Amino acid sequence: MIKVIINGYKGRMGQALVNCAPQHRGLQLVGKVDAGDDLAAVIGNADVVIDFSFHAATASVAALCAKNKKALVIGTTGHSDTDTFEIRRLAKEIPMVWASNFSTGVNTLFWLTRKAAEILGPDFDLEVIEMHHRLKKDAPSGTAKTLAEILADVRKLKLNEAARHGRNGIVGERTQSEIGVHSIRGGDVVGDHTVVFANIGERVELTHKASSRDTFANGALRAAQWVVTQKPGIYDMQDVLGLK
Ligand code: NAD
């Protein structure tokens, strides 16, 4: 039995994980932690920690996992460059699955986005649009960032130079070296992502819409079972699904 602790269990994703965990045979929920609780006091009981909490919390969770030689699944998004660097450093000591999105559908969208960008070539303008519920704290979504990173990688662009986060005012004509990224917030939308490939005379749009957080929770629980047998390093959901 693989023993798991959920960090951030009181949140929207935490509750989905708690509800979905019993359906995963071979996995046992041995701890639930949220802000103000002491993960250090219970981590010894676990094989793996699943973190869906707050961007500022993940690096210290990773440090505790590394100290105790426990695997880690990270679903939290919105990390700073400093946090990202620190988490990556700690992944030399323990196996981690770190994914901006744990749904099978979105990981298929990642794959299709790369293929479409390769096939359609540089004449197509690239834009990413995401919509989430009104309570989401970070923007753009981690998934939108991953989609934009895939597009930048295919086009051999640096995303921090190519990204246009919304447009306002006299921004001038669109150039071929930009990737638009647009965040919409409202209501209770679980997560919508569209990648637009637009040329003169035609347009391709790839869209994924999540209607339940269970899809992310079940993916993260599957990742938790997978990661405990891996060598130290950073893996993503495409590794877990065998899509690489
Ligand atoms: P939420 O605000 O509903 O829940 C976050 C929970 O974390 C809260 O209960 C909060 O009290 C807790 N928390 C805050 N600081 C903490 C700390 N220091 N230690 C422990 N717990 C702490 O948010 P949510 O909608 O559940 O999303 C959580 C994170 O997961 C966000 O970063 C979100 O973007 C991300 N997310 C990722 C995926 C994915 O597939 N990777 C899917 C959905 C959401």
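**View 1. Make-up of the shell around the ligand in this predicted model.** The shell comprises 8 nonpolar, 9 polar and 6 charged residues; here Ala, Val, Leu, Ile, Met, Phe, Trp, Tyr, Cys and Pro count as nonpolar, Asp, Glu, Lys and Arg as charged, and the others, Gly among them, as polar. In total, 23 residues surround the ligand, the closest being Met13, Asp34, Thr77, Lys136 and Lys137; a residue is near the ligand if one of its heavy atoms lies within 4 Å of it. Both domain 1 (2-98 + 213-240) and domain 2 (104-210) contribute residues to this shell, so the ligand lies between them. The domain bounds come from an automatic or database domain assignment. The model is predicted, so local features need pLDDT of at least 70 and side-chain atom pairs count only at pLDDT 80 or more, whereas totals for chains, interfaces and linings use all residues. Residues are numbered from 1 along each chain as its sequence is written, and side-chain values use heavy atoms, with hydrogens and water left out.

**View 2. Polar contacts of the ligand with Asp34, Lys136 and Lys137.** A polar contact is a pair of N or O atoms within 3.5 Å; within protein, one must be able to donate a hydrogen and the other to accept it, and residues adjacent in sequence count only if both atoms are side-chain atoms. The side chain of Asp34 places an N or O atom 2.5 Å from an oxygen atom of the ligand. For Lys136, a polar side-chain atom lies 2.9 Å from a ligand oxygen, and for Lys137 an N or O atom of the side chain is 2.9 Å from an oxygen atom of the ligand. Of the 870 Å² of accessible area that the ligand has on its own, the protein covers 79% (Shrake-Rupley method, 1.4 Å probe; for residues, only the protein chains shown count as cover).

**View 3. His133 in the loop between β6 (125-132) and α6 (142-155).** Helices (H or I, at least four residues) and strands (E, at least two) are DSSP runs, numbered from the N terminus. His133 counts as buried because its relative accessibility is 9%; buried means under 20% relative accessible area, exposed over 50%, and partly exposed in between (1.4 Å probe, protein chains only). A polar atom of the His133 side chain lies 3.2 Å from the backbone nitrogen of Lys136. Pro140 is also found in the loop between β6 and α6, and a cis peptide bond joins Ala139 to Pro140, with omega about -10 degrees.

**View 4. Lys69, a residue with positive phi.** Lys69 lies in the loop between α3 (58-68) and β4 (71-74). Its phi is near 55 degrees, and Lys69 counts as exposed at 55% relative accessibility.
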